[in-house]
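Me: I would like to go through this structure by question and answer. Please show it first.

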Amino acid sequence: MTFRATLTGFTAIVMWSFLALLTVASGKMPPFQLLAICFAIGSIPGIVVLALKPERLRLLRQPAKVWIIGIAGLFGYHFLYFTALRRAPPVEAGLIANLWPLLLVVGSTLLPGERLRWYHMVGALMGLAGTVLIVGRNGFHFEGAYAIGYGAAFLCAFTWSGYSLITRRFDAVSTDVVTIFCMATSALSLVCHLGLEDTIWPDTASQWAAVLGLGFFPVGAAFYAWDYGVKNGDIQILGAASYAAPLLSTLILILFGFAEPSWGIALACLLVTGGAVLAAHRMILRRNSGGAAQAEAAERA
């Protein structure tokens with residue numbers, strides 16, 4: 001169960017790695033307009049499931065705190081992220097925002113029954129080092145004039161790691177609720193778009209295809225998979241493995257001709273991959289030995 005759920009969570013990381021490529025391919029649509037459309041698309045699979053299985057509607061009866069945390073997590077993260085990019089250089093803001101996997105691994109010690117192992121921490125730090133090589137391959141230039149943007153990026157990292165940790169505590173809450181999270185995030189993004197941006201629509205069919213791809217995968221299915229993964233999988237492994245997203249994103253951009261390969265990226269590959277394998281090695285060994293349940297129970301004891 002834990003292995004499958006962790007693997008499901010990792011599929012979210014893989015889908016997020018296509019975010020940059022599809023965003024570039026979607027044209028010049030402003031970020032909040034793009035979010036409003038993509039989260040509306042992302043809610044469609046959940047709506048279809050609820051329509052086909054109306055008995056699942058009862059699973060949406062949840063305490064107010066579930067809705068507040070879920071909507072604040074999805075919308076709050078993206079609002080702070082785009083605020084950071086508007087108020088600070090993207091490279092530095094992106095690096096700060098990418099602290100969330102490390103915060104997730106460290107914060108997991110606050111969860112019942114979780115214990116931070118040295119290999120989780122080292123794996124996460126290796127991933128962070130790899131991300132520094134990727135994001136900062138042209139250098140970093142932190143300046144006090146961008147303090148508000150840097151602050152928003154820090155809040156962004158704490159928001160997503162906090163949302164993921166709290167979601168783990170709501171493990172009895174069905175992933176069906178993510179449908180409502182997506183719908184609410186779409187509505188709030190639309191409000192931000194109308195108040196802050198000019199409307200720009202895609203010019204070509206390929207740009208519309210990229211928007212649909214964003215909505216169904218990185219800004220859709222990924223959040224359902226992440227919800228299931230952090231609730232039922234190994235959250236520490238998922239935290240360390242999350243640094244694969246910026247790496248895979250860069251490799252995909254290189255593959256499609258939007259970025260150039262370098263030795264720094266090759267070293268980042270080794271660091272991120274090595275860190276993820278180190279963090280997950282106990283689970284991999286248990287899986288291969290066929291004694292996953294007994295070994296996991298013994299380790300948690």
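Me: Across how many Å does helix 3 reach from its first C-alpha to its last?
Reply: The model is a predicted one. Helix 3 covers residues 31–42, twelve in number. At 1.5 Å a residue the expected span is 16 Å, and the helix comes close to that. From first to last C-alpha, helix 3 reaches 16 Å.

Me: Is helix 3 mostly covered or mostly open, and how many of its residues are buried?
Reply: Buried here means under 20% relative accessible area. Among the residues of helix 3 that meet this are Phe32, Leu34, Leu35, Ile37, Phe39 and Ile41. Gln33 and Cys38 of this helix are buried too. Helix 3 is thus mostly covered, and the number of its twelve residues that are buried is ten.

Me: Which helices are included in what covers the buried residues of helix 3?
Reply: The cover includes helix 2 (19–25) and helix 4 (44–52). It also includes helix 5 (64–87). Further along the chain numbering, the list adds helix 10 (177–196) and helix 11 (205–232). The helices included are therefore helix 2, helix 4, helix 5, helix 10 and helix 11.

Me: Asp176 forms a salt bridge with which residue?
Reply: Side chains of opposite charge can pair when their charged atoms come close. For Asp176 the closest N and O atoms of the pair are 2.5 Å apart. Asp176 is buried at 8% relative accessible area, while its partner is partly exposed at 29%. That partner is Arg56.

Me: How many residues apart in sequence are the parts that the pair of Asp176 and Arg56 ties together?
Reply: Asp176 sits in the loop between helix 9 (147–169) and helix 10. Arg56 belongs to the loop between helix 4 and helix 5, so the pair ties together parts whose separation in sequence is 120 residues.

Me: Where does the salt-bridge partner of Arg86 lie?
Reply: Arg86 forms a salt bridge with Glu197, with the closest N and O atoms 3.0 Å apart. The pair links distant parts of the chain, 111 residues apart, with Arg86 in helix 5. Arg86 is partly exposed at 47%, whereas Glu197 is buried at 12%. Glu197 lies in the loop between helix 10 and helix 11.

Me: Are Arg168 and Glu114 buried or exposed?
Reply: These two form a salt bridge, their closest N and O atoms being 2.9 Å apart. Arg168 lies in helix 9 and Glu114 in the loop between helix 7 (100–107) and helix 8 (118–135), so the bridge ties together parts 54 residues apart in sequence. The relative accessible area is 16% for Arg168 and 12% for Glu114. With the cut-off at 20%, both Arg168 and Glu114 are buried.

Me: Phe142 and Tyr150 form what kind of aromatic pair?
Reply: The count of aromatic pairs is 18. In the pair of Phe142 and Tyr150, the ring centres are 5.3 Å apart and the planes are at 65°. Phe142 is partly exposed at 48%, and Tyr150 is buried at 10%. Planes over 60 degrees apart count as edge-to-face, so the pair is edge-to-face.

Me: Which helix supplies the largest share of the lining of the largest cavity?
Reply: The whole structure holds one cavity of 30 Å³ or more, and the space in the largest cavity is about 70 Å³. Its lining includes Val66, Tyr163, Phe181 and Asp227. Helix 5, helix 9, helix 10 and helix 11 each supply at least two lining residues. The largest share, three residues, comes from helix 5.

Definitions and conventions:
Residues are numbered from 1 along each chain as its sequence is written. This is a predicted model: local features need pLDDT of at least 70, side-chain atom pairs count only at pLDDT 80 or more; totals for chains, interfaces and linings use all residues. Side-chain values use heavy atoms; hydrogens and water are left out. Rings of Phe, Tyr and Trp (its six-membered ring) pair if their centres lie within 6.5 Å; planes under 30 degrees apart count as stacked, over 60 as edge-to-face and the rest as tilted. Buried means under 20% relative accessible area, exposed over 50%, partly exposed in between (1.4 Å probe, protein chains only). Helices (H or I, at least four residues) and strands (E, at least two) are DSSP runs, numbered from the N terminus. The expected span of a helix is 1.5 Å times one less than its number of residues. Contact means heavy atoms within 4.5 Å. A salt bridge is a side-chain nitrogen of Lys or Arg within 4 Å of a carboxyl oxygen of Asp or Glu. On a 1 Å grid over the protein atoms alone, a cavity is a set of points where a 1.4 Å probe fits but cannot get out, and a pocket is an open set with protein on both sides within 12 Å along at least five of seven lines; lining residues have an atom within 4 Å of a point. Grid points are joined across faces, edges and corners, and a volume is the space filled by probe spheres set on the points.
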